[in-house]
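Please look through the structure below before reading the notes, and keep the numbering of the residues at hand. The notes are meant for a reader who is meeting a protein model of this kind early in their studies.

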Amino acid sequence: MKKVTVPRRSKFGEILQRALAGEELTVEEGALLLQAEGKKLQALLQVADEVRRRRVGDIVTYVKNRNINFTNICRGSCRFCAFRRSPGDPEAYVLSPEQIEAKVAEALEIGATEVCVQGGLHPDFRLEDYLQILRAIRRAAPEIHIHAFSPSEINHIAERENMGLEEVIQALKREGLNSVPGTAAEILVDRVRSIICPEKISTEQWIRTIKTCHRLGLPTTATVMYGHVETPLELAQHISIIREIQKETWGFTEFVLLGFMSRNTPLGREFKLEPAPNLVQSLRLHAVARLMLAGYVDNIQASWVKLGPRGAQLMLRAGANDLGGTLMEEHITRAAGGSLDSMSAEQLERLILEMGRIPRQRTTTYELI
Ligand code: SF4
């Protein structure tokens, strides 16, 4: 065991001792840790790194996947979004089934095991359009894992078709859907949602959709989008919601931390936000996620798309044990100022080795390959 120095005789030190002893941290304790600075921050990172080592060892995983954003036309109005376009916009696009098939074929060439498929909430898309996307993927790759359609998209289909969530999810599953991205979570606190995405599905709808996926046998990821108008307490509440769902369903495969990229977004302009969260914010949140979710969601993913390669490497010392996917192309973060949209497996492995850890390719559901 590595030597971990925890400040003594302070509330902060007691919380870290409890985390090291494997005890569950409360929302208030998580919020306090999220304000750590100086020596306290160092101690927090050390404890998170030690808890990571005890829970999942030194292996750092990644998945060979391809991202496909099939349309940027969206009826939504999320104020943090630089990706959406209105119908008729010169930059608006919809990929045809043939274009999707071609992209999946390219993914197979690099040995991808997963396609991750999400798009805007196209006002004219019906259930059949989503089923066609699944069929196109299956034609090109009968075996590939299809990780697709966020809770927002599932609710969009349910609304358009006047169907229940369960019916929609069953229909998608029948056509080959294997798992669902837990995106659209942003911060699962309605005060924050009313500022950053007032028209998006509510906290309650997100939870209901995710639990329905889990009940129907579809695993999902869980995400957080941090670094905008949320408070430390709201971040801790968000993590606690994820933990409570997991206690009930055990359907989450991982927790993905997504720093808010503010360039070209109304939210960034209005609140004069930095282009991305600073390193300290990111380190603290990865560490607190590791401690609050220990024993419930033990895969903590750092996003190289948001943090850049060096930032993602540093998160591996703050509790993270996964670097996500190769992606091949990424449009959502690019539109908001991200500069990288593809990494080869070799590049990801190099980043992991440079941090003294063991790289391993995994499947979407964390089986090692
Ligand atoms: S985040 Fe998604 S749902 Fe919201 S506006 Fe952008 S594309 Fe639409």
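The briefing below goes through the ligand shell, the annotated sites, the strands and one helix.

The model is predicted, and every description here should be read with that in mind. The ligand is surrounded by residues that include Cys74, Cys78 and Cys81, while Ser150, Ser303, Phe80 and Glu186 are covered by "binding site" annotations in an unreviewed UniProt entry.

**Around the ligand**

- The residues around the ligand are Cys74, Gly76, Cys78, Cys81, Phe83 and Arg84, together with Gly120, Leu121 and Ser152.
- When the residues of this shell are divided by character, five are nonpolar, three are polar and one is charged.

**Phe80 and Glu186**

- The UniProt record, which is an unreviewed entry, places the annotation "binding site" on Phe80 and Glu186; although these are spread over 107 residues of sequence, they cluster in space, with a largest C-alpha distance of 9.8 Å.
- Phenylalanine 80 is found in the loop between S2 and H4, and it counts as buried because it has 21 C-beta neighbours inside 10 Å, where 20 or more are needed.
- If residues up to four places away in sequence are not counted, phenylalanine 80 touches Ile196, Cys197, His228, Phe260, Thr265 and Leu267.
- Glutamate 186 is located in the loop between helix H7 (165–174) and helix H8 (190–196), and it counts as buried because 25 C-beta neighbours lie inside 10 Å.
- The contacts of glutamate 186, again not counting residues up to four places away in sequence, are Arg193, Ile196, Cys197 and Met225.
- Ile196 and Cys197 therefore appear among the contacts of phenylalanine 80 and also among those of glutamate 186, with contact meaning C-beta atoms within 7 Å.

**Ser150 and Ser303**

- In the unreviewed UniProt entry, a "binding site" annotation also covers Ser150 and Ser303.
- Serine 150 belongs to the loop between strand S4 (145–148) and helix H6 (151–161), and it is buried because 23 other C-beta atoms lie within 10 Å.
- Serine 150 touches Gln118, Pro181, Thr183 and Ala184, when residues up to four places away in sequence are not counted.
- Serine 303 sits in the loop between strand S7 (300–302) and helix H13 (304–315), and it is buried because it has 23 other C-beta atoms within 10 Å.
- With residues up to four places away in sequence not counted, serine 303 touches Val256, Leu257, Leu258, Ala312 and Gly324.

**The strands and their pairing**

- Strands S2, S3 and S4 form an open sheet of three strands in the order S2-S3-S4, and the pairing is parallel; strand S2 (65–69) and S4 are the edge strands, each of which pairs on one side only.
- On average, neighbouring strands of this sheet are turned by 20 degrees against each other, with direction ignored.
- Between S2 and strand S3 (residues 114–118) there are five bridges in the parallel sense, and arginine 66 has valine 115 in S3 as its bridge partner.
- Helix H4 (residues 97–109) packs on the sheet, where it touches S2 and S3, and its direction makes about 165 degrees with that of S2.
- Strand S5 (residues 220–226) is joined to S6 by six bridges, and the two run parallel; valine 224 has leucine 257 as its bridge partner in S6.
- Strand S6 (residues 252–259) is mostly covered, since eight of its eight residues are buried.

**Helix H6**

- The buried residues of H6 are Pro151, Ser152, Glu153, Ile154, Asn155, His156 and Ile157, and they pack against S3, helix H5 (127–140), H7 and helix H9 (203–215).
- Ser152, one of these buried residues, is also one of the residues around the ligand.
- After H6 comes asparagine 162, which has a positive phi near 55 degrees.

**Arginine 362**

- Arginine 362 lies in the segment after strand S9 (358–361), and it counts as buried because it has 22 C-beta neighbours inside 10 Å.
- Leaving aside neighbours within four places in sequence, arginine 362 is in contact with Thr61, Tyr62, Val63, Glu367, Leu368 and Ile369.
- Measuring from C-alpha to C-alpha, arginine 362 and arginine 208 are 28 Å apart in space, and they are 154 residues apart in sequence.

Definitions and conventions: Residues numbered from 1 in each chain as written. Predicted model: local features only at pLDDT ≥ 70, side-chain atom pairs only at ≥ 80, totals over all residues. Near = placed C-beta within 6 Å. Nonpolar A, V, L, I, M, F, W, Y, C, P; charged D, E, K, R; others polar. UniProt positions renumbered as here; feature names shortened; annotations may be inferred. Helix = DSSP H or I, 4+ residues; strand = E, 2+ residues; numbered from the N terminus. Buried ≥ 20, exposed ≤ 12 C-beta atoms within 10 Å, placed from the backbone. Contact = placed C-beta atoms within 7 Å. Pairing = 2+ DSSP bridges. Axes fitted to C-alpha atoms, helices over the stretch in contact; angles between N-to-C directions.
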